[in-house]
Amino acid sequence: MSEALRSRLYDWFCEHLDESTAEYAMSCLSPVPVSELATKSDIARLETATRKEFERLEIATKSDFERLETATRKEFERLEIATKSDFERL
């Protein structure tokens with residue numbers, strides 16, 4: 001509904017009813033075209049897509065953490081061996 005039509009409708013309500021009823025009637029009307037409003041199925045699709053993306057990121061984060069943990073453990077082992085070798089040379 002265009003702003004011009006909303007304005008005309010509000011004026012009509014004010015002429016035939018009272019201002020508070022006109023305000024209430026206008027508040028019940030969508031300020032945007034109905035075709036632009038999200039439906040329950042739109043929201044459900046978005047919720048499903050969001051949940052899947054969070055699950056994907058959670059899996060990626062866990063595998064990244066596991067790789068980092070393995071690399072860190074290997075580096076500590078390497079440093080421990082190097083330190084022992086250095087100590088034995090002294």
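Q: Which residue forms a salt bridge with Glu53, and how far apart are the closest N and O atoms?
A: A salt bridge requires a side-chain nitrogen of Lys or Arg within 4 Å of a carboxyl oxygen of Asp or Glu. The model is predicted, so local features need pLDDT of at least 70 and side-chain atom pairs count only at pLDDT 80 or more, while totals for chains, interfaces and linings use all residues. Residues are numbered from 1 along each chain as its sequence is written, and side-chain values use heavy atoms, with hydrogens and water left out. The partner of Glu53 is Arg56, and the closest N and O atoms are 2.6 Å apart.

Q: Where do Glu53 and Arg56 lie, and about how many turns of the helix are they apart?
A: Helices are DSSP runs of H or I with at least four residues, strands are runs of E with at least two, and numbering starts at the N terminus. Glu53 and Arg56 lie 3 residues apart in helix H3, a spacing of about one turn.

Q: Are Glu53 and Arg56 buried, partly exposed or exposed?
A: A residue is buried under 20% relative accessible area, exposed over 50% and partly exposed in between, with a 1.4 Å probe and protein chains only. Glu53 has 35% relative accessibility. Arg56 has 46%. Each value falls in the middle class, so Glu53 and Arg56 are partly exposed.

Q: At what N to O distance do the side chains of Glu47 and Arg51 meet?
A: Glu47 and Arg51 are 4 residues apart in helix H3, which means a separation of about one helical turn. Glu47 is partly exposed at 48%, and Arg51 is partly exposed at 43%. Their side chains meet in a salt bridge with an N to O distance of 3.8 Å.

Q: Which residue forms a salt bridge with Lys62?
A: The closest N and O atoms of this pair are 3.9 Å apart. The two residues lie in helix H3, 4 residues apart, or about one turn. The partner, at 45% relative accessible area, is partly exposed. Lys62 is bridged to Glu58.

Q: How many salt bridges does the structure hold?
A: The pairs described above include Glu47 with Arg51 and Glu53 with Arg56. The total for the structure is 6.

Q: What pattern does the protein follow along the sequence?
A: The protein contains 3 helices and 0 strands. Read along the sequence, the pattern is α-α-α.

Q: What is the radius of gyration of the protein?
A: The radius is taken over C-alpha atoms, and the globule rule is 2.2 Å times the number of residues to the power 0.38. For 90 residues the rule gives 12 Å, and the protein is well over that value, so it is more spread out than a compact globule. The C-alpha atoms fill a box of roughly 100 × 25 × 20 Å along the principal axes. The radius of gyration is 33 Å.

Q: By what distance are the C-alpha atoms of Leu46 and Glu80 separated?
A: Leu46 is placed in helix H3 and is exposed, with a relative accessible area of 57%. Leu46 and Glu80 are 34 residues apart along the chain, and their C-alpha atoms are separated by 50 Å.

Q: What share of the residues is buried?
A: Accessible areas come from the Shrake-Rupley method with a 1.4 Å probe; for residues, only the protein chains shown count as cover. The protein exposes about 8,100 Å², of which carbon and sulfur atoms supply 61%. Among the 90 residues, the buried share is 6%.

Q: Which residues make the nonpolar surface patch of about 250 Å²?
A: Patch residues have over 30% relative accessible area and no salt bridge; like charges are joined within 9 Å, and nonpolar side chains (Val, Leu, Ile, Met, Phe, Trp, Tyr) within 5 Å. Val34, one of the members, lies in the loop between helix H2 (19–28) and helix H3 (40–89). Val34 is exposed at 65%. The patch is made by Val32, Val34 and Leu37.

Q: How many disulfides does the structure hold?
A: A disulfide is a pair of cysteine sulfur atoms within 2.5 Å. The cysteine sulfur closest to that of Cys14 is in Cys28, 14 Å away and therefore too far for a bond. The count of disulfides is 0.
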